[in-house]
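Got the viewer open? Let's take a short walk through this structure, one selection at a time.

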Amino acid sequence: MSVRTRRAVDALPEYKVARNAEAVKKEYGLSSLIKLAANENTLGFSPAVFEALKALTSRYPDGAAAALRKRLSERLNVPSDHIVFGSGSFELIQLACLAFLEGGEETLGAEPSFGWYKTATAIMGGVFRGIPVTSNYSVDLDALSRAVTERTKIIWLCNQNNPTGTIFTGEQLEAFLAKIPDSVLVVLDEAYVDFVEQPGYPQSLLLYQKYENLVVFRTFSKLEGLASLRVGYAIGSAPIIAALNKVRIQSNVNQAAQLAALASLDDEEFKARTIQNARTEKQKFYRAFTRLGFSYVPSNTNFIFFDIKREAAPIVEEFIRHGILIRGGNEYGFPTHIRISIGTPEENDAAIAVFNKLFLPIEKQSQNR
């Protein structure tokens with residue numbers, strides 16, 4: 001082909017589509033598959049969503065998402081012009097790079113953390129610099145602040161961090177923000193905000209009003225279970241939101257997603273059940289991991305990051321053969337670690353049974369049935 005791509009695109013690795021459940025079942029000859037690899041809400045979503053989708057039409061969606069914007073503005077007590085919607089957090093991250101990042105400028109983030117920060121930076125010809133997490137798997141805010149240079153344009157803060165599940169507190173975040181120049185955009189990615197258990201979590205919707213270079217990303221994919229419909233939102237100062245609006249595709253959030261998000265906002269019973277399931281089932285995994293001799297990171301999310309103290313890739317493969325999909329730590333630079341999502345009680349019991357089979361001596365397996 002004689003049409004040249006941008007140099008930044010040439011440098012990108014070839015995109016590999018993740019295997020979907022049907023492809024995995026076909027490859028391994030499975031009749032069913034439990035998917036505990038993508039931090040989805042396996043309880044589904046609010047029954048109210050099905051009713052809301054009856055209003056779906058053949059018309060283009062509202063490009064301003066006015067009804068959803070108004071409801072969310074009232075619920076969060078923030079001005080409506082401080083909100084912009086995206087097709088999940090992926091698009092919001094891309095919009096931040098499109099709006100603020102020049103080629104050759106840097107972005108900073110924890111290592112490991114959500115991988116799209118690095119990819120979105122590279123697409124724009126920027127340079128991502130990863131700062132290793134601390135020995136207790138926490139985002140190293142002090143090291144991040146020291147890493148800022150005159151080329152730094154965006155800092156990605158995933159809180160709770162994915163894949164480690166750790167948080168930093170509001171006090172730690174304020175101390176960090178006080179050190180960061182106003183010329184650097186700080187993105188606070190709070191995809192798992194509703195699952196936090198540890199005290200001291202930042203009051204981000206107050207902080208962004210104090211620090212105009214702070215923007216907060218949230219999503220309907222986790223608590224509300226709308227991962228398949230792709231709807232997320234950013235909250236920030238009016239100038240930041242206006243810049244993100246300039247570069248987003250109009251009508252980027254489809255009508256079904258807007259209707260579903262509106263319906264899910266009001267189903268407090270479903271959301272409470274989801275949170276309770278994550279908290280109760282995490283304790284079940286913690287007990288199992290302790291019995292098996294694994295070390296785990298106490299999680300403030302709907303997933304757990306843990307060390308099985310041996311190469312994890314063969315174990316991940318063995319889990320697939322047992323009809324369960326989990327995430328190995330190789331891609332995060334932690335080859336003996338696994339990240340597992342919290343599923344339904346039945347799904348979690350099935351996963352624990354496989355761990356017992358693979359790691360417990362035969363005489364102890366019968367005691368744990």
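Here is a tour of a predicted model, stop by stop.

**Stop 1: helix 11**

Start by selecting residues 255–265, which make up helix 11. How many of the residues of helix 11 are buried? The count is 10 of the 11, so the rest of the structure largely encloses this helix. Colour the buried ones if you like: Q255, A256, A257, Q258, A260, A261, L262, A263, S264 and L265. Now bring up the surroundings, and you'll see what those buried residues pack against: helix 3 (47–52), helix 4 (66–76) and helix 12. Before leaving, zoom in on the start of helix 11, where N254 has a side-chain oxygen that comes to within 3.0 Å of the backbone nitrogen of A256.

**Stop 2: helix 12 beside helix 14**

Next, select residues 268–292 for helix 12 and residues 345–359 for helix 14. Their axes come within 11 Å and cross at roughly 5°, so the two helices count as roughly parallel to each other. To see what touches what, show side chains. From helix 12, pick N277, E281, K284, F285, A288, F289, R291 and L292. From helix 14, pick P345, N348, D349, A351, I352, F355, N356 and F359. That contact is a mix of 9 nonpolar, 3 polar and 4 charged residues.

**Stop 3: E281**

Stay on helix 12 and centre the view on E281. Is E281 buried or exposed? Buried: its relative accessible area is 5%, and the cut-off for buried is under 20%. Look for N348 too, since the side chains of E281 and N348 make a polar contact at 2.9 Å. Beyond its neighbours within four places in sequence, E281 is in contact with I342, G343, T344, P345 and N348. Try a distance from E281 to G343: 62 residues separate them in sequence, yet from C-alpha to C-alpha the gap is 8.0 Å.

**Stop 4: two cysteines**

Finally, select C97 and C158. Why don't they form a disulfide? A disulfide is a covalent bond between the sulfur atoms of two cysteines. The sulfur of C97 has its closest cysteine sulfur in C158, but that is 15 Å away, too far for a bond. Coming from C158, the closest cysteine sulfur is in C97, again at 15 Å. The count of disulfides here is 0. Switch on a surface and check both residues: C97 is buried at 0% relative accessibility, and C158 is buried too, at 4%.

Technical notes: Residues numbered from 1 in each chain as written. Predicted model: local features only at pLDDT ≥ 70, side-chain atom pairs only at ≥ 80, totals over all residues. Heavy atoms only, no water. Disulfide = S-S within 2.5 Å. Buried < 20%, exposed > 50% of the residue type's maximum accessible area, 1.4 Å probe, protein only. Axes fitted to C-alpha atoms, helices over the stretch in contact; angles between N-to-C directions. Helix = DSSP H or I, 4+ residues; strand = E, 2+ residues; numbered from the N terminus. Parallel < 35°, antiparallel > 145°, perpendicular 65-115°, else oblique. Contact = heavy atoms within 4.5 Å. Nonpolar A, V, L, I, M, F, W, Y, C, P; charged D, E, K, R; others polar. Polar contact = N/O pair within 3.5 Å; in protein donor to acceptor, adjacent residues only side chain to side chain.
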